[in-house]
Amino acid sequence: MNGKKKTISRENRIFYICNNILLLLAFVIVAAPLINVLVSSVSSPSALIRGQVTFWPIGFNLDAYKQIFQSRLLLIGYKNSIVYTVVGTIINIVMTVLAAYPLSVKDFVGRKALTGLFVFTMIFTAPLIPTYINIEQLGLVDTIWAMVLPGAISVYNLIIARTFFQNTIPDEMLEAARLDGADDICIMTRLVLPLSKSILAVLVLYYAVAHWNTYFDAYIYLSSEEKFTLQVVLRNIMSTAAALQEMADATVDQSNRAAMIEVLKYAVIVFGSLPVIALYPAVQKHFVKGVMIGSLKG
Amino acid sequence: MAKIGNHSGAPAAKAAGSLKKRIMRHWQLYLIILLPVIYLIVFKYKPIIGSQIAFRNYNFRDGIWGSAWVGLNHFVTFFKSPQFSRVLINTLGLSIYNIVVGIFPPIILALALSYVRSRIWGKTVQMVTYMPYFISTVLVIGILNQMFSLSGPVNNIIEALGGERVHFMGKPKLFKTMYVFSDVWKMTGYNAVIYISALAAVDQQLHEAATVDGASIWQRIRHIDIPSIMPTAVILLIMACGKVMSLGYEKVLLMQNDLNVQTSDIISTYVYRIGLQGMQYSYSTAIGLFQSVVSLILLVTVNAISKKLNETSLW
C-alpha cells in the first residue's frame with residue numbers, strides 16, 4: 001500500500017515474507033477457536049469427547065440446535081435482548097444528540113461548564129453501591145428501565161458526535177440559516193441532523209452492540225427470569241450443569257449425557273454470537289469510520 | 001481524542017451585547033440540553049453524592065443523609081485488613097500485565113496490515129481479527145473455558161505432543177495469563193484500527209522520498225511510521241493507566257471460580273462481593289470510593305505528564 005516499487009530488494013523481500021507469516025499467524029490465532037467452536041457444535045458427541053474434532057465436523061448432526069430451539073429461557077432471553085437493544089438505542093441516540101448539538105454551538109454561554117460536567121462523569125464514577133441504591137430508590141430494579149436509562153449517554157460517544165457537528169457543518173451555513181431567521185431547534189432538526197447521518201449510523205452501532213453484549217448490569221438489576229437478557233441466560237446455561245443436563249436428557253441415553261453436554265455448550269456459544277456475527281460484515285466498515293472520527297482532534 | 005471546549009474563532013465576548021442578550025439569543029439550546037442535564041444529575045451526580053455513605057453507617061431506615069456519621073472508619077478498616085494488600089496487588093498486577101502485553105500487538109498488526117501487498121489478504125486478516133471485538137464477554141469466556149478445559153482442544157494438542165494435561169482455568173497462577181491473552185485475542189483487531197487510521201494519515205510523500213533515497217521498509221517503519229503513531233500510542237497508554245485501578249467487574253467476575261479466587265480477587269469484584277452479596281453497603285462504598293479517587297488522581301497525573309512531554313493529552 002505504501003510507496004510501490006518495481007524491483008524489490010532482498011531486504012524488502014524478506015520483510016514481505018515475514019510480514020505474511022505474521023499475518024497468517026494472527027489469522028490462525030483468531031480464527032482457529034471460532035472454527036473449532038462451530039465445528040464442535042455440529043459434531044457427534046462421541047467424536048468430540050474422544051478429541052477427534054478439530055476443524056472439520058465428524059458425524060455431522062444438528063441435534064444440539066434442535067434442543068436449543070426448544071429452550072424457553074433462551075428464546076425469552078433473545079426476545080428481551082432485542083427489545084432492550086432497540087429501546088435502549090433509541091433513547092441513547094435521542095439523548096446523545098440533545099446533548100451534543102448545544103455543546104457544539106460555539107457561542108452557547110455555559111458550554112464549557114456543561115462539557116466539563118459531562119466529562120467529569122467519564123473520569124470519576126460513583127461506586128457500585130450508591131449507584132445500585134440510586135436505581136433502587138428510583139424503583140427501576142427488575143424493570144427494562146434499569147437496562148436502558150442509566151447508560152443513556154456515553155460521554156465518549158457524546159464527544160464523538162459533538163466533534164463531528166463542529167467539524168463537518170460549515171459555520172457559514174449555520175450563519176446563513178440564522179440570518180434567514182432559523183432558530184436553534186430548526187437548525188438542529190432540519191440542517192445538522194440530515195447532514196450527520198453517517199455519524200448517527202456509527203452511534204447506533206456502538207450503542208446497539210454495547211446493549212446486546214452487556215452482562216453485568218442485567219446480572220445485578222434483573223431478578224425475574226422473564227426479564228433476563230440473552231447474555232444472562234447464556235451464562236446461566238453454561239455455568240450451571242443442571243440446565244445443560246436437562247437439555248441433554250431429552251436427546252440421548254444416559255451413557256452419552258456428558259458428551260452431549262459438551263456439544264450443547266459449543267452450540268450455545270454459536271447460537272449466542274450468531275446475530276452479531278451475521279451483521280458483522282455489513283457494519284464493520286461503519287465501525288472503522290467511527291474509530292476514525294473518534295480519534296480526530298476537535 | 002477530542003479536545004474539550006476550544007473556542008476556535010469567535011472570541012468569547014466579541015458579539016457585542018450583554019451576557020443576557022447572548023443567553024437569550026440561544027435560549028432554545030438550554031431547552032434542548034435540559035433532558036440530558038436532568039439525566040446527568042439523576043443518574044450520575046446523585047450516586048456521587050450518595051457516595052457519602054462511605055463515611056456513615058448506612059442503613060435503609062435512616063437513608064443516605066440520616067445514617068450515623070463515622071468519618072474515615074471504613075477506610076481505616078479496609079487499609080488495615082489483610083484483603084487490602086491482596087486485592088490491591090491483584091488489581092495492579094492484572095492491570096499492568098494487561099497493559100504491557102496489550103500495547104504492542106495492535107501496533108504490530110497495524111504495521112503489518114499497512115505493508116501487506118495483496119489487498120484481499122489484508123482485508124481478510126483485518127476483518128477476521130476485528131471480529132472477536134463483537135463477541136460478548138460472556139461468550140468469550142465461554143469459548144475460553146471450552147478451548148482450555150481439561151478435555152478441550154488445547155489439552156488434546158498438549159497430550160498429543162507428549163505433555164501432561166493442564167487445568168488452565170483452575171490454576172490460580174495461570175489466571176492472569178488467561179485473562180490477559182484472551183483480552184489480546186478479543187481486542188487486538190479493534191485497537192489496530194486506531195493505529196491503521198493514524199498510519200493512513202502519514203504524509204505519503206515522506207514514504208516516497210525515503211524510498212527514492214533507498215530506505216528499506218524496516219527503515220521507513222522505524223523512522224516514519226513509528227514516530228507518527230507515537231501520539232496515538234501515548235493517548236491509549238494514558239487511558240489505560242487511568243483505568244489501572246478500575247478494572248471492570250464483568251470479565252473477572254465471569255472468570256472467577258473457587259479455585260482461582262486467591263489471584264482473581266480484584267478491587268471491583270471485592271466491592272461487589274462484600275457490597276451486593278455481603279450487604280456491607282458502607283464498607284463496600286468506602287473501598288469503591290478509594291478506587292474512584294485513586295483512578296481520578298492517576299488519570300489527571302498521567303495526563304499532565306504526557307502533556308508536558310509530548311503535547312498530547314486527553315483534554
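Okay, a definition before anything else: a cavity here is a set of grid points where a 1.4 Å probe fits but cannot get out, and its lining residues have an atom within 4 Å of a point. Keep in mind as well that this is a predicted model.

So, cavities. Counting those of 30 Å³ or more, we get six. The one I want to show you is the second largest, with about 110 Å³ of space in it. Its lining has 13 residues, and the ones nearest the centre are Leu48(A), Tyr266(A), Ser151(B), Gly152(B) and Pro153(B). Which elements give two or more residues to that lining? From chain A we have helix H1 (10-41), helix H2 (45-49) and helix H15 (257-295), and from chain B there's helix H8 (153-160). By residue type, the lining of this second largest cavity has seven polar, five nonpolar and one charged.

Now over to the largest pocket. That one has a volume of about 960 Å³. It's lined by 36 residues, and closest to its centre you'll find Val28(A), Ile29(A), Val30(A) and Pro33(A), along with Trp185(B). H1(A) provides the largest share of the lining, ten residues. At least two residues each come from H1 of chain A and, on the chain B side, from helix H5 (82-114), helix H7 (137-147), H8 and helix H9 (175-200). And the make-up of this lining? There are 27 nonpolar residues, nine polar and no charged.

Staying with nonpolar groups, let's go out to the surface of chain A. Ile82(A), Val86(A), Ile90(A) and Val94(A) make a nonpolar patch of about 350 Å². Take Val94(A) as one of its members: you'll find this residue in helix H4 (residues 72-104) of chain A. Val94(A) has a relative accessible area of 45%, so it counts as partly exposed.

Next, salt bridges. Over all chains the structure holds twelve, and I'll walk you through a few in chain A.

Start with Asp171(A) and Lys106(A), whose side chains meet at 3.4 Å, N to O. This pair ties together distant parts of the chain, 65 residues apart: Asp171(A) is in helix H9 (residues 171-179) of chain A, and Lys106(A) is in the loop between H4 and helix H5 (111-123) of chain A. Buried or exposed, or in between? Asp171(A) comes out partly exposed because its relative accessibility is 39%. Lys106(A) is at 23%, so this residue is partly exposed as well.

The second one is Asp184(A) with Arg178(A), where the closest N and O atoms are 3.4 Å apart. Here both Asp184(A) and Arg178(A) are buried. There's a bit more to this one, too: Glu175(A), Arg178(A) and Asp184(A) are linked in a network of salt bridges.

Then there's Glu262(A) with Lys265(A), the closest N and O atoms being 3.6 Å apart. Both residues sit in helix H15 of chain A, three residues apart, which is about one turn of the helix. Glu262(A) has a relative accessible area of 16%, so it's buried. Lys265(A) is at 19%, and since the cut-off for buried is under 20%, Lys265(A) counts as buried as well.

Okay, a couple of loop residues. Ile153(A) is in the loop between helix H7 (145-148) and helix H8 (155-168) of chain A. With a relative accessible area of 5%, Ile153(A) is buried. How far apart are Ile153(A) and Ile93(A) in space? C-alpha to C-alpha it's 8.2 Å, with their positions 60 residues apart in sequence.

In chain B, look at Ser149(B), in the loop between H7 and H8 of that chain. Ser149(B) is buried, at 18% relative accessible area. Ser149(B) and Met178(B) are 29 residues apart in sequence, and their C-alpha atoms are 12 Å apart in space.

Last stop, backbone angles. Asp142(A) isn't a glycine, but it has a positive phi of about 60°. Asp142(A) lies in the loop between helix H6 (128-137) and H7 of chain A, and at 14% relative accessibility it counts as buried. Over in chain B, Met279(B) also isn't a glycine and has a positive phi of about 60°. You'll find Met279(B) in the loop between helix H14 (267-277) and helix H15 (281-310) of chain B. Is Met279(B) buried or exposed? It's exposed, with a relative accessible area of 55%.

That's my tour, thanks.

Technical notes
Residues are numbered from 1 along each chain as its sequence is written. Chains are lettered from A and ligands numbered from 1 in the order in which they are written. This is a predicted model: local features need pLDDT of at least 70, side-chain atom pairs count only at pLDDT 80 or more; totals for chains, interfaces and linings use all residues. Side-chain values use heavy atoms; hydrogens and water are left out. On a 1 Å grid over the protein atoms alone, a cavity is a set of points where a 1.4 Å probe fits but cannot get out, and a pocket is an open set with protein on both sides within 12 Å along at least five of seven lines; lining residues have an atom within 4 Å of a point. Grid points are joined across faces, edges and corners, and a volume is the space filled by probe spheres set on the points. Helices (H or I, at least four residues) and strands (E, at least two) are DSSP runs, numbered from the N terminus. Ala, Val, Leu, Ile, Met, Phe, Trp, Tyr, Cys and Pro count as nonpolar, Asp, Glu, Lys and Arg as charged, and the others, Gly among them, as polar. Patches are made of residues with over 30% relative accessible area and no salt bridge: like charges are joined within 9 Å, nonpolar side chains (Val, Leu, Ile, Met, Phe, Trp, Tyr) within 5 Å. Accessible areas come from the Shrake-Rupley method with a 1.4 Å probe; for residues, only the protein chains shown count as cover. A salt bridge is a side-chain nitrogen of Lys or Arg within 4 Å of a carboxyl oxygen of Asp or Glu. Buried means under 20% relative accessible area, exposed over 50%, partly exposed in between (1.4 Å probe, protein chains only).
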